[in-house]
Amino acid sequence: MAVKIFWTNFGKKQLRNIFDYYKLKASLKVANKLVVGIVNKANTLDFQKEIGQKEELLLSRKENFRYLVYKNYKIIYWFNQEKNRIEITDVFDARQNPIKIEERQ
């Protein structure tokens, strides 16, 4: 059975930041294509909630954080069993410094 994909406010904000950056630096078409690709990749989780790898930097958390990769972007998520949904908590450029990423969570 499919589960709902839920984007947290922070996850949506990061997606918007990616869109705004590429809209400014490249074009509206490039920004749209990238964001649609990220969202479509996240939507593959609806039937395969554990398809992503465990996020090593977040193993100390009680949530079982996993990630998917789309191009240079990591899509961080966890399965909220209580609410029966996948929660997308962050999307970021994997070329960033991992210390910076850990501080954001």
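**Exercise 1. Is Lys29 buried, partly exposed or exposed, and at what relative accessibility?**

*Solution.* The model under study is a predicted one. Begin with the position of the residue: Lys29 lies in helix H2. The cut-off for an exposed residue is over 50% relative accessible area. The relative accessibility of Lys29 is 71%, and therefore Lys29 counts as exposed. For its spatial setting, take Phe19, which stands ten residues from Lys29 in sequence; the two C-alpha atoms are 10 Å apart.

**Exercise 2. Determine whether the length of helix H2 agrees with expectation, and describe how its residues are distributed around the axis.**

*Solution.* Step one concerns length. Helix H2 covers residues 28-43, which is 16 residues. The expected span takes 1.5 Å times one less than the number of residues. For H2 this gives 22 Å, and the end C-alpha atoms are 22 Å apart, so the two values agree.

Step two concerns burial. The buried residues of H2 include Ala31, Leu34, Val35, Gly37, Ile38 and Ala42. They occupy an arc of only 155° around the axis, and therefore lie on the same side of H2. Lys29 and Lys33 are exposed on the other side of the helix.

Step three identifies the cover. Among the elements over the buried residues of H2 are strand S1 (4-7), helix H1 (9-25), strand S3 (66-70), strand S4 (73-80) and strand S5 (85-93).

**Exercise 3. Carry out the corresponding analysis for helix H1, and classify the aromatic pair of the structure.**

*Solution.* H1 consists of 17 residues; from first C-alpha to last it reaches 24 Å, close to the 24 Å expected at 1.5 Å a residue. Buried in H1 are Gly11, Gln14, Leu15, Ile18, Phe19 and Tyr22. Their arc around the axis is only 140°, which places them on the same side of H1. Asn9 and Leu24 are exposed residues on the face turned away from that buried side.

Next, the aromatic pair. A pair of aromatic rings is described by the distance of the centres and the angle of the planes. The structure holds one such pair. The ring centres of Tyr21 and Tyr22 are 5.1 Å apart and the planes meet at 85°, so the pair is edge-to-face. Edge-to-face requires an angle over 60 degrees. As for the environment of the two residues, Tyr22 is buried, whereas Tyr21, at 44% relative accessibility, is partly exposed.

**Exercise 4. Describe the nonpolar cores and state which element gives the largest share to the largest core.**

*Solution.* The largest nonpolar core comprises 20 residues, and those with the most contacts inside it are Trp7, Ile38, Ile88 and Val91. S1, H1, H2, S4 and S5 are the elements that give two or more residues to this core. H2 provides the largest share, five residues.

Ile88 serves as a worked case. With residues up to four places away in sequence set aside, Ile88 touches Ile5, Phe6, Trp7, Thr8, Gly11, Ala42, Leu45, Ile75, Ile76 and Tyr77. Apart from the largest core lies another, of six residues, including Leu58, Phe65, Tyr67 and Ile76.

**Exercise 5. Characterise the surroundings of Lys74, and identify which lysines lie over aromatic rings.**

*Solution.* Lys74 belongs to strand S4. Its relative accessible area is 16%, and because this value is under 20%, Lys74 is buried. Beyond neighbours within four places in sequence, Lys74 is in contact with Glu55, Tyr67, Leu68, Val69, Asp90, Val91, Phe92 and Ala94. One of these contacts can be specified further: the charged end of Lys74 sits over the ring of Tyr67, 4.1 Å from its centre. Arg95 is 21 residues from Lys74 along the chain, with a C-alpha separation of 9.6 Å.

Another lysine over a ring is Lys49, which lies over the face of Phe79 at 4.4 Å from the ring centre.

**Exercise 6. Where are Lys71 and Asn84 found, and what are their phi values?**

*Solution.* Most residues other than glycine have a negative phi. Lys71, in the loop between S3 and S4, has a positive phi near 55°. Its relative accessible area is 58%, so Lys71 is exposed. Asn84, in the loop between S4 and S5, also has a positive phi, near 50°. Asn84 counts as partly exposed, at 33% relative accessibility.

Notes:
Residues are numbered from 1 along each chain as its sequence is written. This is a predicted model: local features need pLDDT of at least 70, side-chain atom pairs count only at pLDDT 80 or more; totals for chains, interfaces and linings use all residues. Side-chain values use heavy atoms; hydrogens and water are left out. Rings of Phe, Tyr and Trp (its six-membered ring) pair if their centres lie within 6.5 Å; planes under 30 degrees apart count as stacked, over 60 as edge-to-face and the rest as tilted. Buried means under 20% relative accessible area, exposed over 50%, partly exposed in between (1.4 Å probe, protein chains only). A charge sits over a ring if NZ of Lys or CZ of Arg is within 6 Å of the ring centre and within 35 degrees of the ring normal. Helices (H or I, at least four residues) and strands (E, at least two) are DSSP runs, numbered from the N terminus. The arc is that of the directions from the helix axis to the C-beta atoms. Contact means heavy atoms within 4.5 Å. A nonpolar core is a set of buried Ala, Val, Leu, Ile, Met, Phe, Trp, Tyr and Cys residues joined through side-chain atoms within 4.5 Å.
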